[in-house]
Amino acid sequence: MDFLTDWLTDWLKELLIDGIMGNLSGLFDSVNANVGEIAAQVGTTPAAWNAGVFSLIRQLSETVVLPIAGLILTFVATYELIQMLIDRNNLHDLDYWIFFKWIFKTGAAILILSNTFNIVMAVFDVSQSVITRAAGLVQGSTDVTADMLATLETTLEGMDIGPLLGLFMQSLLIGVTMQILGVVIFVITYGRMLEIYMLTSLAPIPVATLSNRELGGMGQNYLKSLFAVGFQGLLILVCVGIYAVLVQGIAVGGDPIGAIWGTLGYSVLLCFMLFKTGSIAKSIFGAH
């Protein structure tokens, strides 16, 4: 009877150990893949990210939104001229140089409006250049290495069925959580690029208001938002670099289970900070 009990105990232990090792082997593959792609994603210009979407956004901006922006600029220029005339004592103290000033401002506004798309792309080219130079921050790996797994298996063989059952449930929970984190990282990085495309598509409308002091707040805030979204990629890259360094620090510890839970905690923290990068970038550039 004792022989049967020992055999059943060993069989359950072997089953639980195999289950735990199966759950933890390749545990961080999805997160590692998404984290590794972050540098490539945030370092890609809107034109290079997806040529088809970029062409669609450009056509939409130049053929649909730009004519509307032209009407807005006409209103703004007319309003500017009326304000200039009223400010000169209701035409009683009229200097003809103000007409040359108005013509120059309107011409500059038309020139800027007609090149809005190129100006917006130049903003992102500058931010992508900075991000590319900072790409060296992302280094190291967050993989659960073979050495860690071998150490873990040795530790598991010396444990009883009760703790092994608890670890098996933990490994299932960690596996599901890491899959969710991988999806969150994907949504954040791709969502930023979609936000860039949406900002770009309506660019002519706020740019049309830049020439007026009273109405130009819309255009100024739009430019701030452009820079904020562009340099958000740098903040994302910094978050990933810090994450890699922190994970390297816990991966060399002697407790494999603790290292795995620690890596999970840092992964959750990474996702939280990735969500915060947008608001931090807007606060830095004063966008709202």
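## Exercises on helix packing, a salt bridge and a surface patch

In this predicted model, helix α6 (residues 116-133) and helix α8 (residues 161-201) have axes that come within 11 Å and cross at roughly 155 degrees.

**Exercise 1.** Classify the mutual orientation of α6 and α8, and describe the contact that α6 makes with α8 by residue and by class.

*Solution.* Begin with the crossing angle of roughly 155 degrees, and compare it with the cut-off, by which angles over 145 degrees count as roughly antiparallel. The helices α6 and α8 are therefore roughly antiparallel to each other. Next, list the residues in contact: α6 contributes F117, V120, M121, F124, Q128 and I131, while α8 contributes R192, I196 and T200. Finally, sort this contact of α6 with α8 by class, which gives six nonpolar, two polar and one charged residues.

**Exercise 2.** Carry out the analysis for helix α4 (residues 51-87) and α6, whose axes lie 10 Å apart.

*Solution.* The packing angle of α4 and α6 is about 140 degrees, and angles count as roughly antiparallel when over 145 degrees. The helices α4 and α6 are therefore oblique to each other. On the α4 side the contact is made by F54, I57, R58, S61 and E62, and on the α6 side by F117, N118 and M121. By class, the contact of α4 with α6 divides into four nonpolar, two polar and two charged residues.

**Exercise 3.** Determine how many salt bridges a search of the whole structure finds, and examine the one that joins R58 and E62.

*Solution.* The search of the whole structure finds two salt bridges. In the salt bridge between the side chains of R58 and E62, the N to O distance is 3.1 Å, to be set against the cut-off of 4 Å. Along the sequence, R58 and E62 are four residues apart in helix α4, so that about one helical turn separates them.

**Exercise 4.** Identify the residues of the nonpolar surface patch, and state which helix gives the most to the patch.

*Solution.* The patch, of about 320 Å², is made by F227, I280, I284 and F285. Helix α11 (residues 256-285) gives the most to this nonpolar patch, with three residues, and F285 has its place in helix α11.

Conventions:
Residues are numbered from 1 along each chain as its sequence is written. This is a predicted model: local features need pLDDT of at least 70, side-chain atom pairs count only at pLDDT 80 or more; totals for chains, interfaces and linings use all residues. Side-chain values use heavy atoms; hydrogens and water are left out. Axes are lines fitted to C-alpha atoms, for helices over the stretch in contact, and angles run from 0 to 180 degrees between N-to-C directions. Helices (H or I, at least four residues) and strands (E, at least two) are DSSP runs, numbered from the N terminus. Angles under 35 degrees count as roughly parallel, over 145 as roughly antiparallel, 65 to 115 as roughly perpendicular and the rest as oblique. Contact means heavy atoms within 4.5 Å. Ala, Val, Leu, Ile, Met, Phe, Trp, Tyr, Cys and Pro count as nonpolar, Asp, Glu, Lys and Arg as charged, and the others, Gly among them, as polar. Patches are made of residues with over 30% relative accessible area and no salt bridge: like charges are joined within 9 Å, nonpolar side chains (Val, Leu, Ile, Met, Phe, Trp, Tyr) within 5 Å. Accessible areas come from the Shrake-Rupley method with a 1.4 Å probe; for residues, only the protein chains shown count as cover.
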